[in-house]
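This report introduces the structure shown below to a reader who has not met it before. It treats the surroundings of the ligand and then the aromatic pairs.

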Amino acid sequence: MIGLMQHDEKTGREKPLLRAYSIASPSWDEELEFYSIKVPDGPLTSRLQHIGPGDQIILRPKPVGTLVHDALLPGKRIWFFATGTGFAPFASLLRDPQTYEDYDEVIITHTCREVGELAYGREVIENIRKDELLEELIGEGFHEKLRYYPTTTREQSPKMGRITDLMRDGTVFADLGVEPLCAETDRAMICGNLAFNLELKAMLEEYGLEEGANSNPRHYVVEKAFLD
Ligand code: A2P
């Protein structure tokens with residue numbers, strides 16, 4: 001949870017205004033990075049977007065969430081499925097050495113309405129590919145395991161369509177040269193808007209994958225991309 005203090009009209013006092021965010025930076029990083037949409041008249045993001053060095057924000061000390069490696073059984077390939085700002089937790093996991101230690105192949109799909117919304121994810125991926133510190137941490141050539149599959153739904157781009165539709169008609173698998181998901185080899189994490197999460201979850205279940213938890217590791221996990 002991060003936020004700012006806000007003046008409460010009723011009591012005349014300051015009180016915290018907090019929202020759930022995914023930490024986008026990797027766990028080993030000394031800096032914390034967050035990725036957010038800016039809602040022009042949103043109570044928090046309309047102010048948060050203007051903070052600068054020296055300003056204070058509130059950060060709750062205890063992180064929570066379901067997108068953790070421990071909730072998944074060992075596998076060969078991990079799929080990270082994101083829409084919009086749902087990319088944030090994967091920006092962290094894609095820079096986590098464990099992701100590459102645990103899997104032979106790491107596939108990140110990111111679906112947005114418009115091309116501009118893909119920019120942050122693309123930049124994270126490009127930086128991973130040339131990051132020498134990460135290469136030292138993870139091992140030479142680690143990024144060859146990483147496959148990036150961006151799509152848009154409303155603005156023209158090289159790959160158009162919802163990831164769910166592109167999976168249903170086999171396009172994703174043909175493009176990447178991989179077999180459709182199966183419980184033996186594939187693991188998945190989902191983070192996007194609610195309708196997307198539910199639809200993809202149902203699809204994964206059809207492929208035979210089951211939802212995991214720390215107490216019962218299985219094949220996939222889901223997290224909501226919290227919007228302001
Ligand atoms: P679409 O433009 O066809 O609705 P949003 O900005 O509303 O959170 O959506 C982010 C992306 O998720 C959009 O590209 C949107 O496609 C897509 N999306 C929304 N609902 C679903 C769903 N049920 N299955 C797959 N993709 C979805």
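Which element supplies the largest share of the shell around the ligand? The largest share comes from α8, with 3 residues. The model discussed here is a predicted one.

## The shell around the ligand

The ligand is surrounded by T83, T111, C112, R113, T153, R154, R162, T164, N193, A195, F196 and E199. Sorted by class, this shell consists of 3 nonpolar, 5 polar and 4 charged residues.

Two elements, β5 (105-112) and α8 (194-206), each contribute at least two residues to the shell. The space that the ligand takes is the second largest pocket.

## Polar contacts and burial

Both side chains and backbone take part in contacts with the ligand. In the side chain of R154, an N or O atom lies 2.6 Å from an oxygen atom of the ligand. The side chain of E199 places an N or O atom 2.7 Å from a nitrogen atom of the ligand. For C112, a backbone N or O atom is 3.4 Å from a ligand oxygen atom.

The ligand taken alone exposes 560 Å², and the protein buries 83% of that area.

## Aromatic pairs

The count of aromatic pairs comes to 8. One of them is the stacked pair of F80 and F90, with 4.8 Å centre to centre and 15° between the planes. F80 belongs to strand β4 (residues 77-83) and F90 to helix α2 (residues 88-93), so the pair ties together parts that are 10 residues apart in sequence.

Definitions and conventions:
Residues are numbered from 1 along each chain as its sequence is written. This is a predicted model: local features need pLDDT of at least 70, side-chain atom pairs count only at pLDDT 80 or more; totals for chains, interfaces and linings use all residues. Side-chain values use heavy atoms; hydrogens and water are left out. A residue is near a molecule or strand if one of its heavy atoms lies within 4 Å of it. A polar contact is a pair of N or O atoms within 3.5 Å; within protein, one must be able to donate a hydrogen and the other to accept it, and residues adjacent in sequence count only if both atoms are side-chain atoms. Accessible areas come from the Shrake-Rupley method with a 1.4 Å probe; for residues, only the protein chains shown count as cover. On a 1 Å grid over the protein atoms alone, a cavity is a set of points where a 1.4 Å probe fits but cannot get out, and a pocket is an open set with protein on both sides within 12 Å along at least five of seven lines; lining residues have an atom within 4 Å of a point. A molecule sits in a cavity or pocket if more than half of its atoms lie within 2 Å of its grid points. Helices (H or I, at least four residues) and strands (E, at least two) are DSSP runs, numbered from the N terminus. Ala, Val, Leu, Ile, Met, Phe, Trp, Tyr, Cys and Pro count as nonpolar, Asp, Glu, Lys and Arg as charged, and the others, Gly among them, as polar. Rings of Phe, Tyr and Trp (its six-membered ring) pair if their centres lie within 6.5 Å; planes under 30 degrees apart count as stacked, over 60 as edge-to-face and the rest as tilted.
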